[in-house]
Amino acid sequence: MPHVNNLLRRPRGAPAAWLTLATLVFAARAPCAGPDWKQIGEETADLLADVIRVDTSNPPGNETPAANLLAHKLAAEGIAAEVFESAPGRGNLYARLAGQGGAHPVILLSHLDVVPADPTGWHVPPFGGVRDHGYVYGRGALDAKGVGAIQLAALIVLKRSAIPLARDVVLLATADEETGGRAGAGWVVEHRPELLADAEYLVTEGDHIHVRQGGRRVVQVAVAEKTPCWVQLTAHGPSGHGSTPPPDTAVTRLVRALGRIQGYQAPVHVVPAVEDYFAALAALEQGPLRGQLSHLRQALEDAAFRDDFSRNARQNALIRNTITPTVLAGSQKTNVIPAEARAQLDCRLLPGEDPVRFLRLLREVIDDDSVEVEPLLSFPASSSDSNSGFMMAVSQLAHADLGDAPVVPSVIPGFTDSHYFRARGIASYGFVPFLLTDDDEKTVHGLNERVSVDNLRAGVRRLVALLRSLP
Ligand SMILES: [Zn+2]
């Protein structure tokens with residue numbers, strides 16, 4: 001694998017605006033004056049807009065120019081950054097702000113790649129980095145270039161402040177998260193473990209501060225995730241002319257297998273982390289729902305409640321394994337019977353499930369030996385302590401900054417790169433200090449993805465406060 005050190009390399013077309021502004025704003029301040037948060041919000045928004053303009057749609061990713069852009073901004077602040085590639089074009093960014101050494105490092109992790117965006121339906125170009133009416137628009141605004149922008153800005157604020165932290169703060173912005181992270185976080189963990197040595201905590205995407213109907217805030221921190229078990233089905237059969245079909249072909253076998261899968265529903269299984277999550281949310285509810293969520297396992301034994309609860313796709317995903325057919329491939333031509341037909345399933349398993357057992361079950365459901373079932377991506381589930389020093393610091397933030405909003409350790413139906421770090425014993429938390437409504441969240445992987453400048457400003461401020469209050 002090529003190993004490129006692009007330390008301080010100036011990216012092509014890197015805008016100089018940030019450099020100049022940042023220098024002016026920070027240089028003008030006396031060491032003990034507090035940061036000018038309004039200005040920092042503006043700069044973070046400009047930085048985010050710049051990095052959105054670097055198209056890192058994955059595949060193919062091509063994250064190196066984005067990593068270089070961030071490295072350049074850090075360099076302008078006197079923070080040395082390193083860009084290294086896991087493969088040509090697959091850049092990862094690393095920087096470290098040294099602490100006094102009284103505690104183990106904390107890692108701030110984001111990813112540089114984004115899911116592709118079809119401009120149809122967007123009211124701005126998805127890679128235009130457009131700022132409009134207090135928002136920054138573009139693919140990655142929330143997932144996860146906006147996360148990387150506030151993490152980088154927090155590092156700069158800390159660098160400029162006169163008070164060093166006890167622990168090192170490590171900044172990582174990696175490639176390839178959206179297709180499983182093997183060329184990003186997975187590669188870093190395997191090939192550059194020295195960068196993570198001794199780290200105690202990691203903060204990344206996954207959950208945030210929810211704004212519910214009526215404006216009530218709930219601080220959710222993801223401590224556990226479902227895990228992917230991506231599967232490929234391959235059916236075989238005689239090839240031939242579509243005018244003279246044999247009774248069974250690769251396509252008919254595949255369709256039959258998918259029909260059986262569609263007819264199967266995984267049983268309800270309430271794992272302890274999910275039980276705790278809903279029990280914590282119960283306190284926010286009134287009436288019978290309060291009792292039902294407090295004792296979810298029992299409540300779900302009632303068929304009417306179970307149907308009602310499962311109608312919410314997110315809730316349903318948290319109480320059972322799910323199987324979602326996504327990719328289909330057969331013949332290229334209408335009159336040609338292919339010898340092979342393929343489907344891919346996006347299966348998601350609850351924490352604690354065994355992928356080997358799940359694959360065995362899938363084969364039983366399909367009940368056809370001529371259909372091959374092979375895993376494409378799978379890793380064991382992992383979780384982090386919901387009673388750690390990090391969680392205490394989040395509670396402190398909720399108390400000081402969010403009107404004592406409740407803090408809820410959550411389980412998320414998706415997955416992030418956290419598992420690579422949890423597997424190395426680093427307590428990893430999905431927490432982005434943005435205030436988001438359900439409507440804001442729907443723009444992630446969707447149309448008109450955006451984040452408000454208010455969120456960017458407050459996000460940097462909250463992240464700095466959180467890092468400062470880590471015990
Ligand atoms: Zn993401």
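## The zinc site

The zinc ion is held by H111 (NE2), D143 (OD) and two oxygens of E205 (OE and OE), at 1.8 to 2.7 Å. Donors here are N, O and S atoms within 2.8 Å of the metal (3.2 Å for Na, K and Ca), and water is not among the atoms, so sites may look incomplete. This is a predicted model, in which local features need pLDDT of at least 70 and side-chain atom pairs count only at pLDDT 80 or more, while totals for chains, interfaces and linings use all residues. Residues are numbered from 1 along each chain as its sequence is written, and side-chain values use heavy atoms, with hydrogens and water left out.

What arrangement do the 4 donor atoms make around the zinc ion? The angles they subtend run from 52 to 144°, which makes the arrangement irregular. For reference, four donors count as tetrahedral if all angles lie between 85 and 135 degrees; four count as square planar and six as octahedral if opposite donors are over 155 degrees apart and all others between 65 and 115; anything else is irregular.

## Where the donors sit

Along the sequence, the donor residues follow the spacing H-x31-D-x61-E. H111 in strand β3 and D143 in the loop between β5 (135-137) and α4 are 32 residues apart, a pair that links distant parts of the chain. Helices (H or I, at least four residues) and strands (E, at least two) are DSSP runs, numbered from the N terminus.

Are H111 and D143 buried or exposed? H111 counts as buried because its relative accessibility is 2%, and D143 also counts as buried, at 10%. Buried means under 20% relative accessible area, exposed over 50%, and partly exposed in between (1.4 Å probe, protein chains only).

## A cavity lined by H111

Rolling a probe the size of a water molecule over the atoms shows where empty space is left. The count comes to 1 cavity of 30 Å³ or more, and the largest cavity holds about 50 Å³ of space. A cavity is a set of points, on a 1 Å grid over the protein atoms alone, where a 1.4 Å probe fits but cannot get out; lining residues have an atom within 4 Å of a point. Grid points are joined across faces, edges and corners, and a volume is the space filled by probe spheres set on the points.

The lining of the largest cavity includes the zinc donor H111, along with V51, L70, S110, L112, A144, K145, G148, A149 and A173. β3 (106-111) and α4 (145-160) are the elements that give two or more residues to this lining, and α4 gives the most, with 3 residues. By type, the lining divides into 6 nonpolar, 3 polar and 1 charged. In this grouping Ala, Val, Leu, Ile, Met, Phe, Trp, Tyr, Cys and Pro count as nonpolar, Asp, Glu, Lys and Arg as charged, and the others, Gly among them, as polar.

## Salt bridges

Side chains of opposite charge can pair when their charged atoms come close. How many salt bridges does a search of the whole structure find? The search gives 24, each being a side-chain nitrogen of Lys or Arg within 4 Å of a carboxyl oxygen of Asp or Glu. One of them joins E449 to R139, with the closest N and O atoms 2.8 Å apart. E449 lies in the loop between α15 (438-441) and β17 (450-452), and R139 in the loop between β5 and α4, so this pair ties together parts that are 310 residues apart in sequence. Both residues, E449 and R139, are buried.

Another bridge pairs R311 with D308 (3.2 Å, N to O). Here R311 is exposed, at 63% relative accessible area, whereas D308 is partly exposed, at 47%. There is also a network of salt bridges that links D248, R253, R256 and D368.

## Unusual backbone spots

Most residues other than glycine have a negative phi, and most peptide bonds are trans. The bond joining the zinc donor D143 to A144 is a cis peptide bond, with omega about -5°. A second cis peptide bond runs from P59 to P60, with omega near 5°; P60 is found in the loop between α2 (37-52) and α3 (64-76).

Which residues here have a positive phi without being glycine? Among them are D176, at about 70°, and N448, near 50°. D176 lies in the loop between β6 (169-174) and α5 (185-191) and is buried at 6% relative accessibility. N448 sits in the loop between α15 and β17 and counts as buried at 16%.

Note on methods: On a 1 Å grid over the protein atoms alone, a cavity is a set of points where a 1.4 Å probe fits but cannot get out, and a pocket is an open set with protein on both sides within 12 Å along at least five of seven lines; lining residues have an atom within 4 Å of a point.
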